[in-house]
Amino acid sequence: MKIGEIYNILDELSPFKTQESWDNSGLMVGSFEDEAQRVYLSLDVDFELLNEVLPNSLIITHHPLIFKGLKSLNSAFYPSNLIFEMIKKNIGLISLHTNYDLSRLNEYVMSEILGFSDYEKDGFLLYADVDFGFEELCEFIKDKFQISTLKVVKSQVGNIKRLALCTGSGGDLIGQVRADAFLTGDIKYHQALEAKENGLNLFDMGHFESERYFGASLAKYLQNFSIPIIILNSKNPFTYR
């Protein structure tokens, strides 16, 4: 199957033109004319994953391997080392990032992971009406995302009635959130302080933890492909003690 055919299907599913201006979603490595014998889905690409990928394949990741222009390619360092290896093995790479967040991933996590099928969408923010005490919501989130630690900012008393969600790194959206609590990842110190002073409860479950469902969420749309679709996942670079 030509990579160009796959790209067009992805573009219909989640138009690349809707990505944020700073993003770099699209074809990272390879040519639209290249043939792929199978497709691998992963949050990121790393060397451990790349060693599992067979030659003449296409990898579709959520995060782009290349965000900014590369001034040199040094095969000893990331990301150039991965690019060299992909070229050697004739492996293509397409990334679906903020365009996929906007169209699919946030909704998948809200409905399939958290279990809220009735929600409202406002750009990258999704809202669900809930009824949780603060500690109760902490345990609910840890259970649903299968995590043992959760960074939180408690800034309100009383039950949480409205929950906002943005997978990945949603700290820049804090000023736009109209809810009692915001669930996202990668919250910075001053963003946490802003939320606390403005009365917004925060729950940071981690970037990787919120987006590791990328492969599962995309695979269901690719069932009619004439080539195998394989869900892998890169490893979280963080470990927890």
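Trainee: What makes the pair formed by the backbone oxygen of His207 and the side chain of Ser210 a polar contact?

Mentor: The backbone oxygen of His207 and a polar atom of the Ser210 side chain are 3.0 Å apart. The cut-off for N or O atoms is 3.5 Å, with one able to donate a hydrogen and the other to accept it, so this pair counts. Bear in mind that we're looking at a predicted model.

Trainee: Which backbone nitrogen lies 2.8 Å from a polar atom of the side chain of Ser210?

Mentor: That's Gly168. Again the distance is within 3.5 Å, so it's a polar contact too.

Trainee: Why is Ser210 called buried?

Mentor: Ser210 has 0% relative accessibility. Buried means under 20%, so Ser210 qualifies. For orientation, Ser210 sits in helix 7, residues 207-211.

Trainee: Leaving aside neighbours within four places in sequence, what is Ser210 in contact with?

Mentor: Beyond those neighbours, Ser210 is in contact with Val109, Phe145, Thr167, Gly168 and Met205.

Trainee: Let's take Thr167 next. Is Thr167 buried or exposed, and why?

Mentor: Its relative accessible area is 3%. Set that against the 20% cut-off, and Thr167 is therefore buried. Thr167 belongs to strand 8, residues 160-169.

Trainee: What joins the side chains of Thr167 and Asn106?

Mentor: A polar contact of 2.7 Å, which is within the 3.5 Å limit. Asn106 also turns up among the contacts of Thr167 outside its four-place sequence neighbourhood, a list including Asp101, Thr184 and Ser210.

Trainee: On to the backbone. What makes Asn56 stand out in its phi?

Mentor: Phi of Asn56 is near 60 degrees, a positive value, and Asn56 isn't a glycine. Most residues other than glycine have a negative phi. You'll find Asn56 in the loop between helix 2 (47-52) and strand 3.

Trainee: And why is Asn56 called partly exposed?

Mentor: The relative accessible area of Asn56 is 27%. Partly exposed runs between 20% and 50%, so that's where Asn56 falls.

Trainee: How do you know that Asp186 is partly exposed?

Mentor: Asp186 comes in at 35% relative accessible area, so it lands between those two cut-offs. Asp186 also has a positive phi of about 60 degrees without being a glycine, and it lies in the loop between strand 9 (181-185) and helix 6 (189-197).

Trainee: Last one: what kind of peptide bond joins Tyr78 and Pro79?

Mentor: A cis one, with omega about 0 degrees. Most peptide bonds are trans. Pro79 is in the loop between strand 3 (58-61) and helix 3 (80-88).

Key: Residues are numbered from 1 along each chain as its sequence is written. This is a predicted model: local features need pLDDT of at least 70, side-chain atom pairs count only at pLDDT 80 or more; totals for chains, interfaces and linings use all residues. Side-chain values use heavy atoms; hydrogens and water are left out. Helices (H or I, at least four residues) and strands (E, at least two) are DSSP runs, numbered from the N terminus. Buried means under 20% relative accessible area, exposed over 50%, partly exposed in between (1.4 Å probe, protein chains only). Contact means heavy atoms within 4.5 Å.
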